Amino acid sequence: MGEDFTWTVFVYLCGTDLESDGGFATSDVQEMLYASTGSNVRFVVQTGGTYYWQNELMPNNNISRYEISDGEITLIDEQPADSMGKSSTLADFLEWGVENCSAAKMGLILWNHGGGSISGICFDELYDSDSLSLSELNSAIEQTAAAMTDKFEFIGFDACLMGTVETANVLATYARYMYASEETEPGYGWDYTAIGSYLGENPYADGAQLGKVVCDSFYSGCEEIGQESGATLSVTDLSKIDDVIISFNDFAKSLYDASEDNSVLSDVIRNITYADNFGGNNKSEGYTNMVDLAGIVNAGAADTMFIPRLLCLTAKQPTCVSHTTI
């Protein structure tokens, strides 16, 4: 959708309390400015969703759009204030961006708090923490995809808890790779200087190669602040998702049938308590209802004939092609 060896990375920057209380969004914009992108790579950023921006450039009372390339930031569009948690707000940004800022390869980053498959992402503190559900995310990108001749090279979430099968299933139609974390992320998030500089030196890179840089630089940042033990960020090859979901559905049907035997059911319930869960599944932390897929499989491993096929898909042919996970 543009000249060869060009990149546009769209950043949907919903600042929320991460910006108003901590200035983390401003810090990431500064990282984009520090990147040596050259003339073929640009970040296109939409700002909104926070009470107060910790810089003198971005207004608090409307939506603004900026182009950042090779150390320069330029205001290129403004829109009336609206919730960043609305599907139409994201769709308008992407449709405008694809029309005006297209490139040979394009990526999309959603920046904010993430609540997983149930709560979604981009909680706008100006509009009662309105957020984008997965259904709304699908609707917005579907509108944009109609005007595109190619998929996004990647769609990523600089946010907590969005590395789920449900999210990947939504994005598989629209992108080649998903970058997301199954666990929480530190407030400072990704290293945008590393991302932009890598693309500036390697504009021919694909989503898998860029994803490795995103993951490795994120992990290095976690090490610097002593939070590497909780770092989970992966690059998912979305072309593999259909096979995983079909196999898991077969497994789940077999497990359901087997659980009619009360002894099998009690074994599965006992075993599943050992599965990792993410974001909290109790009264004090809240309920994200997100459990590790492999943990569910292992809990029912002795009770379903489909386990060998599913383990092959999730272990020998993983959807995660590059990751930093502890």
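**Salt bridges in a predicted model**

Reader: I'm just getting my bearings here, so what does K240 count as, going by its relative accessibility?

Author: K240 counts as partly exposed, with a relative accessibility of 30%, and please keep in mind that this is a predicted model.

Reader: Okay, and which residue does K240 form a salt bridge with?

Author: The partner is D237, and the closest N and O atoms of the two are 3.9 Å apart. D237 counts as buried, at 13% relative accessibility.

Reader: How many salt bridges does the structure hold?

Author: The structure holds 10 salt bridges, including one between the side chains of D77 and R65, where the N to O distance is 2.8 Å.

Reader: Where do D77 and R65 lie, then?

Author: D77 is in strand β4, which covers residues 72–80, while R65 is in strand β3, residues 62–69, so their pairing ties together parts that are 12 residues apart in sequence.

Reader: And are those two buried or exposed?

Author: D77 is buried, with a relative accessible area of 19%, where the limit for buried is under 20%, and R65 also counts as buried, at 2%.

Reader: Switching to helix α9, how far apart are K253 and D257 there?

Author: They are 4 residues apart in helix α9 (residues 241–258), which means about one helical turn separates them. Their side chains meet in a salt bridge, at 2.7 Å from N to O, and D257 counts as partly exposed at 36% relative accessibility.

Reader: One last thing, which residues are joined into one network by salt bridges that share partners?

Author: R65, D77 and D92 are joined in that way.

Definitions and conventions
Residues numbered from 1 in each chain as written. Predicted model: local features only at pLDDT ≥ 70, side-chain atom pairs only at ≥ 80, totals over all residues. Heavy atoms only, no water. Salt bridge = Lys/Arg side-chain N within 4 Å of Asp/Glu carboxyl O. Helix = DSSP H or I, 4+ residues; strand = E, 2+ residues; numbered from the N terminus. Buried < 20%, exposed > 50% of the residue type's maximum accessible area, 1.4 Å probe, protein only.
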